[in-house]
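Open the model in your viewer and keep the selection tool at hand. The tour moves from ring pairs to cores, then to helices and loops.

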Amino acid sequence: MRMKRKKNLDERIAASTDYLVTMHNDSLDFNDAVNENHIIDFKRLFGNDNPVYLEIGSGKGQFGCTFAKQNPDKNILCVERNRNVLILAIDMARNENIKNIRFLCGTAEYLPSYIAEKSVEEIYLNFSCPFPKNRHVAHRLTNPRFLEIYKKIMKPSGVICQKTDNMHFFEYSLESFCECDFKLSNISLDLHNSDFEGNIVTEYESKFASLGMPIYRLEARLK
């Protein structure tokens, strides 16, 4: 069910420049993205030199805000295209007075236009849309075209952490990472019944786990 548009959404977004950076172009055309250059100065954005972590598809902000509170010596930039849910994440961060989180409104296609090469410590893909139909495979956030983007913005020692409830999407992701020369580790086919420690539960994850559905997780590093 589509979420009802939030009251005064445009005004609330416009008043959120203390937490929000908005992408200038949203055509989803990679050729357009190459021609855009709006690289973010992380030191200026966060007001410090702490390492930066990236969540792509932040939803209502539960993961990002929790991560920020648990790691005050780290910064997290949360990317979300849907402004209707993005404003909820911003409100959460502001209400809890979280200083080390910022949000980027836009799409993953344009990340190289906003994030400098080799500048991100870790990337989190939490319950990304699986796009189950074959004709939409290019939109999956673990499609090789996106993995090549992540390679550019990650530090050489960086890691991608993925979680999903969709087995077929997870299998697809395993293949994509391997094809793109990533080394996989900490693969879990049932995260909540594993010995993994430090998991931050997202909104979707809580819902799926309560239904008894297994949560799949992996970590991918550059070889």
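**Rings**

Select Y53, F63, F67 and Y124. Ring pairs link these residues into a cluster. Bear in mind that this is a predicted model.

How many aromatic pairs are there? The count comes to nine. Take F42 and F46 next: their rings make a tilted pair, with 6.3 Å centre to centre and 55° between the planes. Both residues sit in helix α3 (residues 42–46), four residues apart, or about one turn of the helix. F42 and F46 are both buried.

Now jump to Y204 and F208. Their rings are stacked, at 6.0 Å centre to centre and 15° between the planes. A stacked pair needs planes under 30 degrees apart, so the angle of 15° qualifies. Y204 and F208 are four residues apart in helix α9 (residues 203–210), so about one helical turn separates them. F208 has 14% relative accessibility and therefore counts as buried, since the cut-off for buried is under 20%.

**Charges over rings**

Show R102 together with Y19. The charged end of R102 sits over the ring of Y19, 5.5 Å from its centre. Then show R140 with Y172. R140 lies over the face of Y172, at 4.6 Å from the ring centre.

**The nonpolar cores**

Select L54, L77, L111, I123 and Y150. In the largest nonpolar core, which has 34 residues, these touch the most other members. Helix α7 (residues 144–153) supplies the largest share of this core, five residues.

Centre the view on I123. What does I123 touch, leaving out residues up to four places away in sequence? The list is L54, I56, Y150, I153, M154, V159, I160 and C161.

Next, pick L20, F67, I101 and C161. They are among the 24 residues of a second, separate core. F67 is also one of the residues in the ring cluster that began the tour.

**Helix α8**

Select residues 167–179. This is helix α8, with 13 residues. Its end C-alpha atoms are 19 Å apart, which agrees with the 18 Å that 1.5 Å a residue should give.

Colour F169, F170, Y172, S173, S176 and F177. These residues of α8 are buried. They cover an arc of only 160° around the axis, so they lie on the same side of α8. Y172 is also the residue whose ring face has R140 over it.

Which residues are exposed on the other side of α8? Select H168, E175 and E179 to find them.

Return to the buried residues of α8 and show what surrounds them. They pack against α7, β6 (154–164), β7 (182–188) and β8 (216–222).

**K151 and D181**

Go back to helix α7 and pick K151, which is found there. Is K151 buried or partly exposed? Its relative accessibility is 23%, so K151 counts as partly exposed.

Add C180 to the selection. K151 and C180 are 29 residues apart along the chain, and their C-alpha atoms are separated by 9.5 Å. Not counting residues up to four places away in sequence, K151 touches C180, D181, F182 and L222.

Stop at D181. It is found in the loop between α8 and β7. D181 has a positive phi of about 65°, although it is not a glycine. With 46% relative accessibility, D181 counts as partly exposed.

**The loop between α6 and β5**

Where is S119? Look in the loop between α6 (111–114) and β5 (120–126). S119 has a relative accessible area of 15%, so it is buried. Leaving aside neighbours within four places in sequence, S119 is in contact with F42, V52, I153, M154 and K155. Of these, F42 belongs to the tilted pair in α3.

Step back to K118. This residue lies in the same loop, between α6 and β5. Phi of K118 is near 55°, a positive value in a residue other than glycine.

**Helix α5**

End with residues 83–95. This helix, α5, has 13 residues and reaches 18 Å from its first C-alpha to its last, close to the 18 Å expected at 1.5 Å a residue. Colour N84, V85, L86, I87, A89, I90 and A93, the buried residues of α5. They pack against α1 (9–14), β1 (20–22), α4 (62–70), β3 (75–80) and β4 (101–105).

Notes:
Residues are numbered from 1 along each chain as its sequence is written. This is a predicted model: local features need pLDDT of at least 70, side-chain atom pairs count only at pLDDT 80 or more; totals for chains, interfaces and linings use all residues. Side-chain values use heavy atoms; hydrogens and water are left out. Rings of Phe, Tyr and Trp (its six-membered ring) pair if their centres lie within 6.5 Å; planes under 30 degrees apart count as stacked, over 60 as edge-to-face and the rest as tilted. Helices (H or I, at least four residues) and strands (E, at least two) are DSSP runs, numbered from the N terminus. Buried means under 20% relative accessible area, exposed over 50%, partly exposed in between (1.4 Å probe, protein chains only). A charge sits over a ring if NZ of Lys or CZ of Arg is within 6 Å of the ring centre and within 35 degrees of the ring normal. A nonpolar core is a set of buried Ala, Val, Leu, Ile, Met, Phe, Trp, Tyr and Cys residues joined through side-chain atoms within 4.5 Å. Contact means heavy atoms within 4.5 Å. The expected span of a helix is 1.5 Å times one less than its number of residues. The arc is that of the directions from the helix axis to the C-beta atoms.
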